[in-house]
Amino acid sequence: MSERNVIVLIEESHFSIPFKYVDEIVSYEKVLSRDNLPEGMLSEERAEPYWVAARDEWLPLVFLMKGAKRTEHSQVVIINQGPKIVALSVDQVVGMEDLDTLLPLPELVSACTRFPLSGVHLWKEKVVLELDLSRFI
């Protein structure tokens, strides 16, 4: 059975996020560096360098890939899993698709990575890696 997913591009890899957890997709125009946030928005112990305004609150921006660079296509996906909300930086939102059954990660792959993946979809002759939201939210 297929499930609606948001497909995003991070560097050269396609990732999927179940649509039911995507609250909002915003442009990088809403991203501010910590130094440019409105006065009194953050306590001193929050050191994340970039923040985004979404749904009347400021969320720290999460980068899944170290050294990620912002481009003119960069976007932010707001992921909501009940009490936890995360702003995920992506290179580009490719679209929304009904993806077929999630295939488990090969054991060799899951043993070699700590990257938050829950499985693999095949889509238009591409491998789409589904993000395991529970591992980074």
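**View 1. Val31 stands opposite Val52 in S5, at the rim of an open sheet.** This is a predicted model, where local features need pLDDT of at least 70, side-chain atom pairs count only at pLDDT 80 or more, and totals for chains, interfaces and linings use all residues. Residues are numbered from 1 along each chain as its sequence is written, and side-chain values use heavy atoms, with hydrogens and water left out. Strands here are DSSP runs of E, at least two residues long, numbered from the N terminus. Two of them pair if DSSP finds at least two bridges between them. S4 and S5 run antiparallel to each other and share three bridges. Zoom out a bit and you get six strands in an open sheet with mixed pairing, ordered S3-S7-S8-S6-S5-S4. Its edges are S3 (22-27) and S4 (31-33), each with a pairing partner on one side only. From one strand to the next, the twist averages 35°, using axes that are lines fitted to C-alpha atoms and angles that run from 0 to 180 degrees between N-to-C directions.

**View 2. Tyr50 and Phe63 meet edge-to-face.** The structure holds two aromatic pairs, and this view shows the one with ring centres 6.3 Å apart and planes at 75°. To count as a pair, rings of Phe, Tyr and Trp (its six-membered ring) need centres within 6.5 Å; planes under 30 degrees apart are stacked, over 60 edge-to-face, and the rest tilted. Tyr50 sits in S5 (residues 50-54), while Phe63 is in the loop between S6 (57-62) and S7 (75-81), 13 residues apart. How exposed are the two partners, Tyr50 and Phe63? Tyr50 is partly exposed at 37% relative accessible area, and Phe63 is also partly exposed, at 34%. For reference, buried means under 20%, exposed over 50%, and partly exposed in between (1.4 Å probe, protein chains only).

**View 3. Phe63 also helps line the largest cavity.** Its neighbours in that lining are Ile10, Leu64, Met65, Ala68, Ser89 and Asp91. A cavity is a set of points, on a 1 Å grid over the protein atoms alone, where a 1.4 Å probe fits but cannot get out; lining residues have an atom within 4 Å of a point. Grid points are joined across faces, edges and corners, and the volume is the space filled by probe spheres set on the points. The largest cavity holds about 50 Å³ of space, and the count of cavities of 30 Å³ or more comes to one.

**View 4. His14 is buried in its surroundings, at 16% relative accessible area.** This histidine belongs to S2 (residues 13-18). Leaving aside residues up to four places away in sequence, His14 touches Ile7, Val8, Leu9, Val94, Trp123, Lys126, Val127, Val128 and Leu129, where contact means heavy atoms within 4.5 Å.

**View 5. S10 and S11 make a hairpin with two residues between them.** Six bridges join S10 to S11 (residues 126-131), and the two run antiparallel. Look for His121, which stands opposite Val128 in S11. S10 (residues 117-123) is mostly covered, with five of its seven residues buried. What is the phi of Lys124 in the turn? Lys124 has a positive phi of about 50°, although it is not a glycine. Most residues other than glycine have a negative phi. Lys124 is exposed, at 60% relative accessible area.

**View 6. Glu11 has a positive phi too, near 55°.** Glu11 lies in the loop between S1 (3-10) and S2. With a relative accessible area of 42%, Glu11 is partly exposed.

Notes: Helices (H or I, at least four residues) and strands (E, at least two) are DSSP runs, numbered from the N terminus. On a 1 Å grid over the protein atoms alone, a cavity is a set of points where a 1.4 Å probe fits but cannot get out, and a pocket is an open set with protein on both sides within 12 Å along at least five of seven lines; lining residues have an atom within 4 Å of a point.
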